[in-house]
Amino acid sequence: MPLLDKNALLAQLVDRLHQSDRLAHRAEADAREAARSLATESEKKEDGRAAIEYGSLATGQAQRARRVHEELQALADLQKAGLPRQPPKGPVALGAIVDMSTEDEEGFAERTFFLLPVGAGTELTGPDGDGFLSVITPSSPVGRALMGRRPGDIIEVTLAGEVREWTVLEIA
């Protein structure tokens, strides 16, 4: 595994979260405006259902923005505390970058995961656009299975109802 700058990867995740926050606020404002734009009383009566739907959409986007703010705060706290240095022999802990050997219908492949408190499912780009890392959290099935593991350990992952064995190759 090439040496990866964890702080640069964190900054990339923070940028993605800020972008998501902007989109959520824009979508919330658009939905609130759409609900208000049903101008006349007769239109409101006829389109009452639409007004309710737009209002619900706006509320959902506001909740999404709040979640993003909470995630940004969790990352800021992590950055302030400093990412822990991972010993190459493990065990896997928060802040670890883990290379895994995975198997699927197409055969064996390698995947790289970045274990963080938030951002699950986000794909980050490696240095110079080289490769991708998937953010996982300790509460995710893969994250739970990885916590405390060391290189050479095998974990079981259930995907689409099928149990697969993945091997921990390297930890950084």
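**Long-range packing around Thr 102, the aromatic pair and Arg 16**

Thr 102 is buried, with a relative accessible area of 6%. In this predicted model, the residue belongs to strand 1, which spans residues 97–104. When neighbours up to four places away in sequence are set aside, Thr 102 is in contact with Gly 107, Phe 108, Ala 109, Arg 111 and Trp 166. Trp 166 is itself part of strand 6 (residues 162–171), so a residue of strand 1 touches a residue of strand 6 and both count as buried, since each has a relative accessible area under 20%.

The overall architecture comprises four helices and six strands. Along the sequence, these elements follow the order α-α-α-β-β-β-β-α-β-β. Of the 172 residues in the protein, 36% are buried. Among contacts with a sequence separation of 6 or more, 52% are made between residues 24 or more positions apart. The exposed surface amounts to about 10,200 Å², of which 51% is supplied by carbon and sulfur atoms.

One aromatic pair is present in the structure. The pair is formed by Phe 113 and Trp 166, whose ring centres lie 5.9 Å apart with an angle of 15° between the planes. Because planes under 30 degrees apart count as stacked, this arrangement is classed as stacked. The two partners come from distant parts of the chain: Phe 113 is located in strand 2 (residues 107–115) and Trp 166 in strand 6, with their positions 53 residues apart in sequence. Both rings belong to buried residues, the relative accessible area being 2% for Phe 113 and 3% for Trp 166. Trp 166 thus takes part in the aromatic pair with Phe 113 and also touches Thr 102.

A further long-range association involves Arg 16, a residue of helix 1 (residues 6–36). In contrast to the buried Thr 102, Arg 16 is partly exposed, with a relative accessible area of 31%. This value places Arg 16 between the limits of 20% and 50% and therefore in the intermediate class. Beyond residues up to four places away in sequence, Arg 16 touches Thr 122, Glu 123, Leu 124 and Thr 125. The C-alpha atoms of Arg 16 and Thr 122 are 8.5 Å apart in space, although the two residues are separated by 106 residues in sequence. At Glu 123, the backbone oxygen lies 2.2 Å from a polar atom of the Arg 16 side chain.

Key. Residues numbered from 1 in each chain as written. Predicted model: local features only at pLDDT ≥ 70, side-chain atom pairs only at ≥ 80, totals over all residues. Heavy atoms only, no water. Helix = DSSP H or I, 4+ residues; strand = E, 2+ residues; numbered from the N terminus. Buried < 20%, exposed > 50% of the residue type's maximum accessible area, 1.4 Å probe, protein only. Contact = heavy atoms within 4.5 Å. Areas by Shrake-Rupley, 256 points an atom, 1.4 Å probe, with all protein chains shown as cover. Phe/Tyr/Trp six-rings, centres within 6.5 Å; stacked < 30°, edge-to-face > 60°. Polar contact = N/O pair within 3.5 Å; in protein donor to acceptor, adjacent residues only side chain to side chain.
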